[in-house]
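Grab a pencil and have a go at these exercises before you peek at the solutions.

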Amino acid sequence: MQQFPIPSVIQRFSQQFKQAGFSLYIVGGAVRDHLLGISNEDFDFTTDAKPEEVMSLFKAVIPTGIDHGTVTVRYEKHSFEVTTFRSEGSYQDGRHPSSVTFITNLEEDLKRRDFTINAFAVDLNDSKIIDLCGGKKDLKNRIIRAIGNPEERFEEDGLRILRACRFAGKLNFIIEEDTLKAMHTCRENLLNVSSERIREELFRLVLSDHPEVGLNYMRECGILPIILPELAAGDQIDQKGMHHEDVLSHAITTCQASVALSDRLEVRLAALFHDIGKSEVMEEGAERNTFYNHDLVGEKLTIKVMRRLKASNEQIRLVSLLVRHHMFSYQSNWSDSAVRRFLTRVGKEHVGMLFSLRIADQIAIHGKADIRLLEELEERIKGILDAQDALSIKDLAVNGNDLMKAGIPKGKQLGRTLDYLLETVLDDPAQNTKEQLLEIAKNYQSFSTFTS
Ligand code: ATP
Ligand code: MG
């Protein structure tokens, strides 16, 4: 029988249980990933000790999911999730177990897990890997298979349908036929799952090595229109012209291409959503269809989708900004002031992500990206940043106070004057001195008083 290399901190941790007469097992992803040769430091445990008993064994225990028998133990600077063996009654609303019965039986505990490859356990007494659900065979054949009757399992918890896609993306595995069929049959159960749980799985799928595999399974089993209808609307939308794929397939291919370019969630999501506005604005033409303003509409839809998923404000801001600006078309004849304006619009800290998105988009369309122009733009941006040219109002040599002291009234007029000064120095950075800007501000002030 295969052995699991148990880190010394976990050996000490398990001693505490043993001395009190309880058993402790490592379960879930850490065991699966070890068998696959992938590192995974996220250890989950299961035990026959009741949550109160676990709490009495350690000083720092947080009752994170006490209703489900889960507590988090702080032990030697680690956080370990410990769940008491349980078998769950039906999840009547697909969300919460209607009854949680604690049972002293590891087998029952493993059988209530989602997929065979997630149902391994390591006995901490002898380091042996326990496989009661045929997980090793499925790992070998690279298959994701629900434990027991797949329809029943997806009725209990609709999120498992998305988790199957997520693990297919993480591991580049195939979903077993009956499991996939049941995913389709039970797809509407995802309507009962909270946005937070969906977001966690979807984001992990997008961050996996093979999002294309997971996203195509989402498409195939029919959950894409349930979770991301705005994206699914691109299905079968033909672009004609240079694109060989429909809008949805192109989005999925771009997301996959972004994997090699960035580990950032925001870039991966922007790759997936960059053309999300196309289905709304399409106008059919004989040779090619047109999609005017799809970047603006895409920004709006991205915000809508990400709000629904309860993503953080910062995630929403970044992804929608990338979608909004993905159509920039740099040419060598851009003036320096055009490059500065580009930086002002996009924000210098976002340029790297926007370039990754552009390259992914190009690779998805042409199979490769011509990055010569991007490199040229990058060089020019570097020159502007090295020269510390002003790119925003806060970089100006004057601030609001200076202008008020010079007699410009607070309020709209002050804001307008600062905008005007920024426009001026974007055109000509040499104007960015206090003296010069105060002069320009006064002239602008008298001009606008005169014209208003
Ligand atoms: P990863 O390494 O990507 O976190 P994981 O297998 O550890 O993968 P988790 O979501 O952390 O995945 O869940 C830990 C374990 O808990 C799983 O391996 C599985 O046994 C069980 N599990 C988690 N969510 C569910 C669920 N919705 N239904 C059934 N079992 C689940
Ligand atoms: Mg985990």
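Two worked exercises follow, one on strands and one on helices.

This is a predicted model in which local features need pLDDT of at least 70, side-chain atom pairs count only at pLDDT 80 or more, and totals for chains, interfaces and linings use all residues. Residues are numbered from 1 along each chain as its sequence is written, and side-chain values use heavy atoms, with hydrogens and water left out.

**Exercise 1.** Work out how strand 4 (residues 70-75) pairs with strand 3 and strand 5, and whether strand 4 is enclosed or not.

*Solution.*
- Start with strand 3 (residues 61-65): it runs antiparallel to strand 4, joined by 3 bridges (strands pair if DSSP finds at least two bridges between them). Ile62 sits opposite Thr72.
- Now the turn: this hairpin has 4 residues between its strands, and Gly69 there has a positive phi of about 80°.
- On to strand 5 (residues 78-84), antiparallel to strand 4 over 6 bridges, with Val73 partnered by Phe80. Here 2 residues lie between the strands, and Glu76 in the turn has a positive phi of about 45°.
- Finally, 5 of the 6 residues of strand 4 are buried (under 20% relative accessible area, 1.4 Å probe, protein chains only), so strand 4 is largely enclosed by the rest of the structure.

**Exercise 2.** Describe how helix 17 (residues 313-325) packs on helix 19 (residues 351-366).

*Solution.*
- Take the geometry: the axes are 10 Å apart, at an angle of about 55°.
- Next, the contact (heavy atoms within 4.5 Å): helix 17 brings Leu318, Leu322 and His325, and helix 19 brings Met353, Leu354 and Leu357.

Note on methods: Chains lettered and ligands numbered in written order. Axes fitted to C-alpha atoms, helices over the stretch in contact; angles between N-to-C directions. Buried < 20%, exposed > 50% of the residue type's maximum accessible area, 1.4 Å probe, protein only.
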